[in-house]
Each structure stands twice: as C-alpha cells, then as structure tokens.
Amino acid sequence: MKKPIIFDVGSHEGKITSLLNNLYKNSKIYCFEPNRKLIEKNKGKNLKKNIVFFNYALGARNEEEKISINDLDLTSSLSKINKKSYYYKAKKIILGSNKNNYIQKVKIITLDYFCAKKKIKKIDLIKIDVEGYEQNVLLGATKTMRNIKYIIIEIQKNSMYKDYSKKKIESFLKKNNFYLLKKFNFPFMLFEDRIYKNKNFN
C-alpha cells in the first residue's frame with residue numbers, strides 16, 4: 001500500500017498503532033480512544049507526525065455519552081454489561097472487581113461525519129476493538145463503508161454485553177460487500193479477531 005490511511009478505533013495504549021506504523025512507515029494513522037488517561041499514554045509512546053489522536057469514540061450517531069472507566073482499562077466500554085453472563089462472572093473472579101472505576105463523559109461521532117469533515121475519501125485499513133460497541137461504530141459508517149478496503153474487528157463469542165449481536169455485525173458487513181478473509185482465535189478467550197476485505201477492491 002502506498003501512503004495507506006489507517007484508523008485505530010479503540011487504540012488503548014497504542015500497541016497496534018505502533019505495530020501498524022512499523023509495518024507501514026509512510027502511513028497516516030488516526031487513533032480514537034475515549035479514555036483520556038490512555039490517550040495521553042498513547043501520545044507519549046507514538047510521537048510521530050503521521051499519527052494523530054482523538055479523545056472521543058466512534059459510534060452510530062453524534063452525541064455525548066457516559067463511559068465507565070475501570071481499573072482494568074481493557075474492560076472499559078460504552079456497551080451495557082450483562083452481569084448475569086458467565087463470562088463476566090469468570091472475568092470478575094480471575095481479574096478482580098473494579099473497585100476504583102469512575103464515570104467519564106465522552107464525545108461520540110460517526111465515522112461518516114469524521115471522514116466528511118477531514119475530507120478523507122478512502123481508508124485502507126480500519127481496526128475496531130471497542131468491547132462490544134463494534135456494531136455502533138459500523139452503523140455510523142454507512143456512507144464510508146464502500147471506501148474501506150480492510151476491516152479488522154473483534155467479535156465476541158460470549159453474552160457479556162447486552163444487545164450485542166454477532167449475526168447483525170456479520171450481516172452488516174456482508175450487505176456492504178465485505179467477505180471474511182481470516183479468523184484469529186485465542187486460547188481460553190471467548191472472542192476472536194477477524195479480517196474482512198471489501199469486494200470492490202482488488
């Protein structure tokens with residue numbers, strides 16, 4: 001890819017951002033992370049002119065929401081937790097309870113709005129890892145989808161998040177001409193990463 005445009009949605013501490021930047025030296029990477037502390041940490045690790053950071057989330061509409069920031073920041077999410085979920089109970093036992101979690105207001109915008117505002121006409125690769133909020137990100141990208149080449153997305157295989165539907169995500173991607181290239185499963189983890197490609201691109 002020549003000068004690829006990359007989006008890291010749910011950039012966390014920037015490990016994937018760093019990896020992608022090393023793979024594609026001439027890329028432009030847009031990072032989205034609603035947790036203010038993590039954005040600052042991410043910036044400290046990735047002081048590159050081609051990497052830009054945005055302290056808000058991508059979702060289905062432009063709005064302001066509240067997010068629960070947990071001690072274990074990997075579990076912070078805009079999604080509503082199903083506390084009856086076996087996976088949630090197991091994670092709580094293994095990882096411990098979030099005693100010092102706090103609520104933070106976060107700005108949410110759609111991918112369509114962002115791309116129109118920044119005049120971004122194509123995205124070579126977008127990585128979406130937002131703890132059960134993936135479908136909302138996709139719903140805010142109905143106009144942009146045709147101009148995305150690859151999507152890397154986390155798929156949940158558990159009932160931890162309310163209103164989460166793997167089938168709806170799969171249906172949305174298929175409807176928008178994306179097909180599954182590869183699945184990555186992780187031992188003992190009830191989620192997987194998938195790579196999808198847009199049929200409109202060679």
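C115 counts as buried because its relative accessibility is just 4%, and the cut-off for that label is under 20%. This is a predicted model, so keep in mind that every value here is computed from predicted coordinates. C115 belongs to helix α4, residues 111–118, where the buried set is L111, D112, F114 and C115. Look down the axis of α4 and those buried residues fall within an arc of 165°, so they line one face of the helix. Swing round to the other side of α4 and you meet A116 and K117, both exposed. Just past the end of α4, K119 takes a positive phi of about 60°.

Now for another cysteine, C31. With a relative accessibility of 0%, C31 counts as buried too. As for sulfur bridges, the structure holds 0 disulfides. C31 sits opposite F53 in strand β3, and both C31 and F53 turn up in a core of 8 residues that also includes I39 and I51. That core is separate from the largest one, which we'll get to shortly.

Let's stay with the strands around C31 for a moment. Strand β2 covers residues 28–32 and is mostly tucked away, with 4 of its 5 residues buried. What does β2 pair with? One partner is β3 (residues 51–54), which pairs with β2 in the parallel sense over 4 bridges. Another is strand β1 (residues 5–9), which runs parallel to β2 and is joined to it by 5 bridges. Within that β1 pairing, V9 stands opposite F32 of β2. Add helix α1, residues 15–23, and the trio β1, α1 and β2 forms a β-α-β unit that is right-handed.

On to the largest nonpolar core. Which of its 39 residues touch the most other members? The answer is F7 and I151. Strand β8, residues 148–156, supplies the largest share of this core, at 4 residues. If you zoom in on I151 and skip its neighbours within four places in sequence, the contact list reads I126, I128, L138, M145, L173, F178, R194, I195 and Y196.

L138 makes a handy link to another isoleucine, I169, since I169 touches L138 as well. I169 is found in helix α6, which spans residues 166–175. Is I169 buried or exposed? I169 is buried, because its relative accessible area comes out at 0%. Apart from L138, and again leaving out residues up to four places away in sequence, I169 touches E134, Q135, I153, I155 and Y164. Take I153 from that list: I169 and I153 are 16 residues apart along the chain, and their C-alpha atoms are separated by 9.8 Å.

Finally, zoom out to the whole protein. The model has 6 helices and 10 strands. Buried residues account for 49% of the 202 residues in the protein. And if you look at contacts with a sequence separation of 6 or more, 68% of them come from residues 24 or more positions apart.

Definitions and conventions
Residues numbered from 1 in each chain as written. Predicted model: local features only at pLDDT ≥ 70, side-chain atom pairs only at ≥ 80, totals over all residues. Heavy atoms only, no water. Buried < 20%, exposed > 50% of the residue type's maximum accessible area, 1.4 Å probe, protein only. Helix = DSSP H or I, 4+ residues; strand = E, 2+ residues; numbered from the N terminus. Arc of directions from axis to C-beta. Core = buried A, V, L, I, M, F, W, Y, C linked by side-chain atoms within 4.5 Å. Contact = heavy atoms within 4.5 Å. Pairing = 2+ DSSP bridges. Right-handed = clockwise from strand over helix to strand, strands pointing away. Disulfide = S-S within 2.5 Å.
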